[in-house]
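Reader: Could you show me how to read a structure, one feature at a time?
Author: Gladly; let us look at it together.

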Amino acid sequence: MNIIEFENLCHRFADGTSGIEDINLNIREGSFVVIAGPNGSGKTTLLRHLNGLLTPTSGIVRLAGIPVEQNLLRARQLVGMMFQDADSQIVGETVYEDVAFGPENLQLDRSKIRSRVSKALELVGLSDFADQRPHLLSGGEKRRLAIAGVLAMEPRVIVFDEPFSNLDYPGVKQVLRHILALHQSGHTILVTTHDLEKIIAHADRMILMQNGKIIKDGIPADIMTDIEAFGVRKPCAFRLGLEAESWLS
Amino acid sequence: MAELTSFSYQPGDSLLHHIDVRFKILFIILISLMCLNLYFLELGILTSLLLGLIFHARLSLISGLKELRYFLILLFLIFVARLLSDDGPPIIKLRFVSVSIQGLHSGILVCWRLAFIVILGFAFISTTRPSAIKAGVQWFLKPVPFIPEKKVALMMGLILRFIPVIFYQAGEIADAQKARGVENRKNPVYRLTKLALPLMRRTFERADNLVAAMEARGFTENRTDPELALHKRDWISLVAVCFLSIFLMF
């Protein structure tokens, strides 16, 4: 079943420049998709249509068969979005309050909010930090807090926009481990990146974008050959003719 | 990001931590107004009680006072002004300056009252979760017409959340400029402009990202109301504060 469908999607910004053009794309539920491309290729613009942060200039975006614009709150509950800058995503004064922000917006009752928050914090290993102020967390912890905030909404699709930027090696491994755990628990995962090295071993599909258009779409190993011509560095393993290796192995 | 202030909520399990925020706000208003009319003995009793509660809550008053060093300078200036301006038989006289016993009394009294109110605020902030303060303000504003109490509470929360981030950003920009020799420019207006403009640009960009992040998490004004519940200890503390106020006033 396709959980995401983009049909003839175009987006033009207010100044007339084109963000994305004529995107036709279906994503199966439970898949792990990497969207690669250089800066300004339209990756973030594409993803922001998934929960109505941007509206199409033309075309349509459907989530589980229903157009996003028909029910924005449903779309925002269905698609959890992790932004590039975790600091801007954290709105609570404490870790607990930040995770509770989404469920409070869904107007759940307090006992349900408590159970969702505890579960989300436990999943990302931040239960002991519930009373901590977010600005005191490390980069990796902030990223995990942002994941917990998304998980508390109980989404089916989770979108990660450059999830490894500004993270050290242990931070990358922790976040990667959480992404994989979420995929194994049945979530559909979409990751945008211009640095394939850290994630490509786990993806079952790769979409390459350039100038707002989809250039290539397929199994990563199949479309890796001339990827550098489109502004994305080929991972080391592929350069050496080997199979991609996980950062966790 | 480093710790920026100790003048903020510190988790704990004391009486001060457990009293309902609405009662705490009420007590602060009542005690602050009352202490403006109290003298040495009554202020001494109140201060001892407050310090006892702060000690019981295991708050570090010293680090709180360190944060308030500029306020202490202001207090000192107020003390000096009162010392020199009150009339009375002089105990020290130097040319144009005379110090009277009345001036000394009034200087100590005014500074003690102001310091007491600030320490009261420190105890309140250190033992009350920001979300509880937000909920308390929202509760008090609910009956006030034309004030969207939920919006006000949310704005308060966001300000509390982002003040440290903005300070951190300002520090980063200042360091980056120092690294490029901005200290050689003696014109303070030039330096302020060079700091303020990028800081404002970054702050607005951050605000833009924040709006997107809030929308992505389904932000609406009709959210689950904050949880506030009164317990027996809140009523007991109310009775205690009322009795104390009557005792000290009369």
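The dialogue below goes from chain B to the sheets of chain A and then to the contact of the two chains.

Author: This is a predicted model, in which local features need pLDDT of at least 70 and side-chain atom pairs count only at pLDDT 80 or more, while totals for chains, interfaces and linings use all residues. Residues are numbered from 1 along each chain as its sequence is written, and chains are lettered from A and ligands numbered from 1 in the order in which they are written.

Reader: How many helices and strands does the secondary structure of chain B come to?
Author: Helices (H or I, at least four residues) and strands (E, at least two) are DSSP runs, numbered from the N terminus. Chain B has 10 helices and 2 strands. Starting at the N terminus, the order is α-α-α-α-α-β-β-α-α-α-α-α.

Reader: What radius of gyration does chain B have, next to a compact globule of 250 residues?
Author: The radius of gyration is taken over C-alpha atoms, and the globule rule is 2.2 Å times the number of residues to the power 0.38. Chain B has 23 Å, whereas a compact globule of 250 residues would be near 18 Å. Along the principal axes, the C-alpha atoms of chain B fill a box of roughly 65 × 60 × 40 Å.

Reader: Which domains does the assignment give for chain B?
Author: Domain bounds come from an automatic or database domain assignment. For chain B these are domain 1 (1-130 + 229-250) and domain 2 (149-220). Their centres, taken over C-alpha atoms, are 32 Å apart.

Reader: How do I describe two packed helices?
Author: Use the angle between their axes and the distance between the axes. Axes are lines fitted to C-alpha atoms, for helices over the stretch in contact, and angles run from 0 to 180 degrees between N-to-C directions. In chain B, the axes of α2 (residues 21-35) and α7 come within 8 Å and cross at roughly 75 degrees. These two helices, α2(B) and α7(B), are therefore roughly perpendicular (65 to 115 degrees).

Reader: Which residues of α2(B) meet α7(B)?
Author: B:Val21, B:Arg22 and B:Ile25 do, and their partners in α7(B) include B:Trp139 and B:Phe140. This contact divides into 7 nonpolar, 1 polar and 1 charged residues. Here Ala, Val, Leu, Ile, Met, Phe, Trp, Tyr, Cys and Pro count as nonpolar, Asp, Glu, Lys and Arg as charged, and the others, Gly among them, as polar.

Reader: What is the order of the sheet of 4 strands in chain A?
Author: Two strands pair if DSSP finds at least two bridges between them. This open sheet runs β2-β1-β4-β5 in chain A, with antiparallel pairing. In chain A, β2 (18-28) and β5 (66-67) are at the edges with a single partner strand each, so one side of each lacks a neighbour in the sheet. Between β1 (residues 2-12) and β4 (residues 58-63) of chain A there are 5 bridges, and A:Ile4 has A:Leu63 as its bridge partner in β4(A).

Reader: And how are the 6 strands of the other open sheet ordered?
Author: The order in chain A is β6-β7-β8-β3-β9-β10, with mixed pairing. Neighbouring strands of this sheet are turned by 15 degrees against each other on average, direction ignored. In chain A, β9 (residues 205-210) and β10 pair antiparallel over 5 bridges, and A:Leu208 stands opposite A:Lys216 in β10(A).

Reader: How many residues does the contact take from each chain?
Author: Two residues are in contact if their C-beta atoms, placed from the backbone, lie within 7 Å. The contact takes 31 residues from chain A and 28 residues from chain B. On the chain B side, α9(B) gives the most, with 8 residues.

How values were computed: Angles under 35 degrees count as roughly parallel, over 145 as roughly antiparallel, 65 to 115 as roughly perpendicular and the rest as oblique.
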